[in-house]
Amino acid sequence: MDDTEVEVLTARDVPLGGPRAMTVRRTLPQRSRTLIGAWCFADHYGPDEVASSGGMDVAPHPHTGLQTVSWLFGGEIEHRDSLGSHAFVRPGELNLMTGGHGISHTEVSTPGTTVLHGVQLWVALPERHRHTARDFQHHAPKPVRLDGAELRVFLGTLAGETSPVPTFTPLLGAELLLDAGATVTLPVDPAFEHGLLVDAGDVRLAGTLLRPAELGYAGTGHSALTLTNESDGPARTVLLGGTPFDEEIVMWWNFIGRDHQDIVEAREEWERASERFGHVDGYPGDRLPAPALPNATLTPRRNPPRA
């Protein structure tokens with residue numbers, strides 16, 4: 001009998017901004033859980049009809065202290081950044097951008113995209129690496145057939161497949177497509193905690209049923225995770241994992257720091273167009289202004305203590 005305890009995190013709807021804003025479903029962070037491993041942010045969107053939603057058009061904006069992970073199920077997004085990268089995010093292909101000390105970028109759905117569908121994820125950088133240099137990595141993992149499922153490992157190692165993309169902390173990121181009615185047991189690292197985000201279908205993680213847009217959290221100490229697709233058709237999930245991230249972080253707007261002053265300094269440098277964030281070429285519009293800081297001091301957060 002599987003005795004894995006699963007905490008269900010439900011999504012909240014968040015508009016990205018603008019008169020025809022795309023709405024995303026955000027499962028991380030939550031009041032009860034700030035991180036899963038070093039994964040600190042999870043937005044899940046679509047399938048959105050671009051003709052109705054307006055698609056994605058995010059003007060130049062900054063990041064510090066984190067990596068962005070873009071993973072699509074459908075559509076295409078054009079990426080430009082202040083490192084000089086110009087790339088396209090396509091289904092089944094990883095785009096990983098390291099903000100480190102500072103980077104800026106744009107994300108725009110391409111003219112041929114009619115439906116946009118995917119996830120946008122962030123990874124917190126540990127203290128010793130959070131001021132690292134800007135970087136950009138692209139990787140198209142091959143699909144691997146398991147008994148009852150198809151797997152694409154974009155970060156870390158799962159089911160004998162290893163992504164070549166380096167990470168600053170031990171991480172796992174994989175898309176898993178489950179056949180109708182299939183049950184799959186995956187060997188996992190017991191030092192990792194895991195989160196299973198359901199995109200389509202009803203999926204049972206251990207003994208807990210997860211519905212679309214829900215994220216199931218399982219703590220450390222388990223050497224296997226069992227997933228069952230209880231739907232009549234295929235189910236799609238994204239499995240995230242990593243060793244617990246025991247540092248406190250402050251996350252505000254697009255910045256991750258360790259205290260209020262880190263955020264104040266990053267905001268000020270973005271507003272005065274400091275070279276810290278560089279310049280994005282090729283976007284036909286203005287940069288995004290930073291929102292006003294709250295009147296209260298931003299307080300560092302971490303996960304609840306492990307039992």
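Here Ala, Val, Leu, Ile, Met, Phe, Trp, Tyr, Cys and Pro count as nonpolar, Asp, Glu, Lys and Arg count as charged, and the others, Gly among them, count as polar. The structure is a predicted model. By this sorting, the lining of its largest cavity divides into five nonpolar, six polar and one charged residue.

The cavity itself was examined next. Rolling a probe the size of a water molecule over the atoms shows where empty space is left. A search of the whole structure finds one cavity of 30 Å³ or more. The volume of the largest cavity is about 60 Å³. Its lining is made by Thr-68, Ser-70, Ile-77, His-79, Val-89, Asn-95, Leu-96, Met-97, His-105, Glu-107, Gln-120 and Phe-136. Four elements give two or more residues to this lining: E6, strand E7 (77-81), E9 and strand E10 (103-109). The most comes from E9, with three residues.

Strand E7 also takes part in a hairpin. E7 and E8 form this hairpin with four residues between them. In the turn, Gly-84 has a positive phi of about 100°. The two strands pair in the antiparallel sense, over four bridges. Within this pairing, His-79 has Ala-87 of E8 as its bridge partner. His-79 is also among the residues that line the largest cavity. Strand E8 covers residues 86-89 and has two faces. Ala-87 and Val-89 make up the covered face, while His-86 and Phe-88 make up the uncovered one. Val-89, from the covered face, is another of the cavity-lining residues.

Attention then turned to the nonpolar cores. The largest has 32 residues. Those with the most contacts inside it are Trp-39, Cys-40, Val-69, Leu-94, Leu-121, Phe-154 and Leu-155. Several strands each supply at least two residues of this core: E4 (39-49), E6 (66-74), E9 (94-98), E11 (115-124), E14 (149-155), E22 (215-218) and E24 (235-242). E11 gives the most, with five residues. Phe-154 illustrates the packing. Leaving aside neighbours within four places in sequence, Phe-154 is in contact with Trp-39, Val-69, Trp-71, Leu-94, His-139, Pro-141, Ser-163, Val-165, Gly-173, Ala-174, Glu-175 and Val-238. A second, separate core has 26 residues. Leu-158, Phe-192, Leu-196 and Val-198 are included in this second core.

The backbone holds some further features. The peptide bond from Leu-28 to Pro-29 is cis, with omega near -5°. Pro-29 sits in the loop between strand E3 (23-28) and E4. Another cis peptide bond joins Gly-46 and Pro-47, with omega about 0°. Pro-47 is found in strand E4, which also supplies at least two residues of the largest core.

Two alanines have a positive phi although neither is a glycine. For Ala-159, phi is about 55°. Ala-159 is found in the loop between strand E15 (157-158) and strand E16 (161-162). Its relative accessibility is 33%, so Ala-159 counts as partly exposed. For Ala-213, phi is about 80°. Ala-213 is found in the loop between strand E21 (208-210) and E22. Is Ala-213 buried or exposed? Buried means under 20% relative accessible area. Ala-213 has 13% relative accessibility and therefore counts as buried.

Note on methods:
Residues numbered from 1 in each chain as written. Predicted model: local features only at pLDDT ≥ 70, side-chain atom pairs only at ≥ 80, totals over all residues. Heavy atoms only, no water. Core = buried A, V, L, I, M, F, W, Y, C linked by side-chain atoms within 4.5 Å. Buried < 20%, exposed > 50% of the residue type's maximum accessible area, 1.4 Å probe, protein only. Contact = heavy atoms within 4.5 Å. 1 Å grid on protein atoms, 1.4 Å probe; cavity = no way out; pocket = protein on both sides within 12 Å on 5 of 7 lines; lining within 4 Å. Points joined across faces, edges and corners; volume = space filled by probe spheres on them. Pairing = 2+ DSSP bridges.
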